[in-house]
Amino acid sequence: MSKFLEFKCDLDTFIQELQTILESNTSRVEELLKQEHKTYSSFVKPMQMMEERLEHFFTPLSHLNAVNNSEETQKVYTQSLPIITEYSTKLSQNIEIYKVYKEIQKDEETTLNYEQKRVLDLNIQHFELSGAHLDDDVKQRLEEINIRKSELTNNFSQNLLNATNDYEYIMTDAQDIDGLPSSEVENAKFEEDGVIKYKFTLQMPSYIAYMTYGKNENIREALYKAYVSRAPQNAKIIEEILSLKDEMSKLLGFKNYVEYSLSSKMANDKEEVLNFLQNLLKNSKNQAKKELGELQNSAPKDLRSFDTAFYSELLKKEQYDIDEEEYRPYFEQKSVVHGMFDFLNKLFGMKFVKVQEKLWHEKAFSYDVYVEDKLRARIYLDLEARESKRGGAWMHNYQTHCLNEKGEEQLASAFVVCNFPSSSDTSPSLLRHDDVVTLFHEMGHTIHHILSTVEENEVSGVNGVEWDAVEFPSQFLENFAYEPQVLKMFASHYKTGEIISDLMIDKLVRSKNFLSAMGMLRQLEFSIFDLKVYNGVYTSDEVQNILNTIREETSLIKTPEYNKFQNGFAHIFAGGYAAGYYSYKWAEVLSADAFYSVIDEGIFNSKTAQKYLDVILKGGGAKSMQELFKKLMGKNPDTTKLLRLNGIN
């Protein structure tokens, strides 16, 4: 029998199967509660594994809806959400389960190991944050709120995907594509009624290509306007999400959703986070103004939002003699993937072996992962853009390493999803260096999940990790995508086999922090907006006013009124980053500190790298990241390393 699940999802029978599983689970909970003597092994472990197996069943549907989106997946996923949400809410509010967890925590305090204690601590916190201890009327209202929230976030994502796929800009004048790389021209080119035309869309590879290289500023503005004004119907969804989350937070005894969100994170309170962000803003703003001044001086006109990518590329070429397109032949997708595998083998002793199995798409592949010749995990890669795939890049955990009720080991597995340029029989997928960084980032999440040796699934891998620390391993790994030793392991010309030159690497490294302070301000804008907008209940106009006020400090180029960025901010309105987007910068402090320690020790002979594997990657979420980081580094995080990483003085 395989140690890994076969990927399957029967859309015709999914809802019926889901209902059967949930009915069975509900009966199982009742049986467990009837036990006369409840212990960790007889109650908590079976509860954990029951939920783990439900994830095994449900994850393929949510994955398919994200990577092979269709009317059918949308229909089944939309039908399933209220069913699974009602079940999860009832379970998380079950006062009897809550009481049993509290009793076991007290009765077995001296015999439980630290993993088991962490499971109990987090579960009790989760029950309290779900209102398990509140009266039935409040629980009923919380359940209604949760069901409605799940519907709204799904609608938000679907509206965004539909808007992205519905738009296209067709050109017939060859002058309009002058200056674009030949590969991008070929991707855009098609023939209709004997006429050669060029199509650009809001899909990331296509959109970025024209915004970066397209000389026609009217077309750039049209594409930009279409992109930043997608899904206007999401404005009303945002209003309702804010209202529901505020109501939920108050029912649970919090002042607002920010206070609720931070109660389970590393950061102590909103003031600590805002001070952290404002400090970064203060340290970055002067350099950002200088960067914009240089950019403006290089342009023949007053810069507008849709100009920055185009003139930045020209200035980057001028300052560093670097042309992003010259690098793409050195970053052929398969070569990058296998080179990354070689790097991970050299750094952490990981070996990747391709598996022959039928998956959800012909361009999806799986690999078994070995450490010291022992099978440890499986990963699934789906890296190329297509219309049916949600934009962006992500890791999604599937199975989690643990011991089941019988003490048998379950190995971990995870999906790695990106939206890189598509390959064909005649043309390979050639990546930008930014794409390489993205792949390393998502792989950082992946190995954090799959290399865990924790035996309790709810605190194994990425489970149980504080949300503002979860980006630490991803950011740590992505930094190596700029290191010469690492680049030379895979950056070779796909036609000639020529290894990337020292001069090209030097240009790439030197250009790494090009306009980095401006980039810092943009991320701080998102983070501050997230905290401010979840501080209360606001109309769409008030949401816009909050963003406009923040932009007075963070946006050095006036943002056009038609820019409704918030309607596409899926991270905080349809993802897990609500009142938590600051986590990217918070975790970057941890990652920068650890990264420089490995670099200073020579990378491959680094004691810190080995310790990182043993402490952070193997440790999962069984201890707080604050504790794990101190064990790794022997000190608290140093924020100056983050500024150093970004080249901000």
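This passage goes through a predicted model, from the whole chain down to one helix and one small sheet.

Being a predicted model, it is read with some filters: local features need pLDDT of at least 70, side-chain atom pairs count only at pLDDT 80 or more, and totals for chains, interfaces and linings use all residues. Residues are numbered from 1 along each chain as its sequence is written, and side-chain values use heavy atoms, with hydrogens and water left out.

The chain's secondary structure adds up to 26 helices and 10 strands, taken as DSSP runs (H or I, at least four residues, for helices; E, at least two, for strands) and numbered from the N terminus. Its radius of gyration is 25 Å, close to the 26 Å from the globule rule for 649 residues, so the chain is as compact as a globular protein of that length; the radius is taken over C-alpha atoms, and the rule is 2.2 Å times the number of residues to the power 0.38. Along the principal axes, the C-alpha atoms fill a box of roughly 80 × 55 × 55 Å. Buried residues account for 57% of the 649 (buried is under 20% relative accessible area, exposed over 50%, partly exposed in between, with a 1.4 Å probe and protein chains only). Of the contacts between residues at least 6 apart in sequence, 74% join residues at least 24 apart, contact meaning heavy atoms within 4.5 Å.

Helix α1 (residues 14-34) has 21 residues, which at 1.5 Å a residue should span 30 Å; the end C-alpha atoms are indeed 30 Å apart (the expected span is 1.5 Å times one less than the number of residues). Phe14, Ile15, Leu18, Leu22, Asn25, Val29 and Leu32 of α1 are buried. They cover an arc of only 105° around the axis, which puts them on the same side of α1; the arc is that of the directions from the helix axis to the C-beta atoms. Gln16, Glu23 and Lys34 are exposed on the other side. The cover over the buried residues of α1 includes α2 (40-67), α3 (71-92) and α4 (95-107).

Then there is an open, antiparallel sheet of 3 strands, ordered β1-β3-β2, where pairing takes at least two DSSP bridges between two strands. β1 (168-171) and β2 (189-192) sit at the edges with a single partner strand each, so one side of each lacks a neighbour in the sheet. Between β1 and β3 (residues 195-201) there are 4 bridges, and Tyr169 has Phe200 as its bridge partner in β3. Helix α9 (residues 217-228) packs on the sheet, touching β1 and β3, its direction at about 165° to that of β1 (axes are lines fitted to C-alpha atoms, for helices over the stretch in contact, and angles run from 0 to 180 degrees between N-to-C directions).
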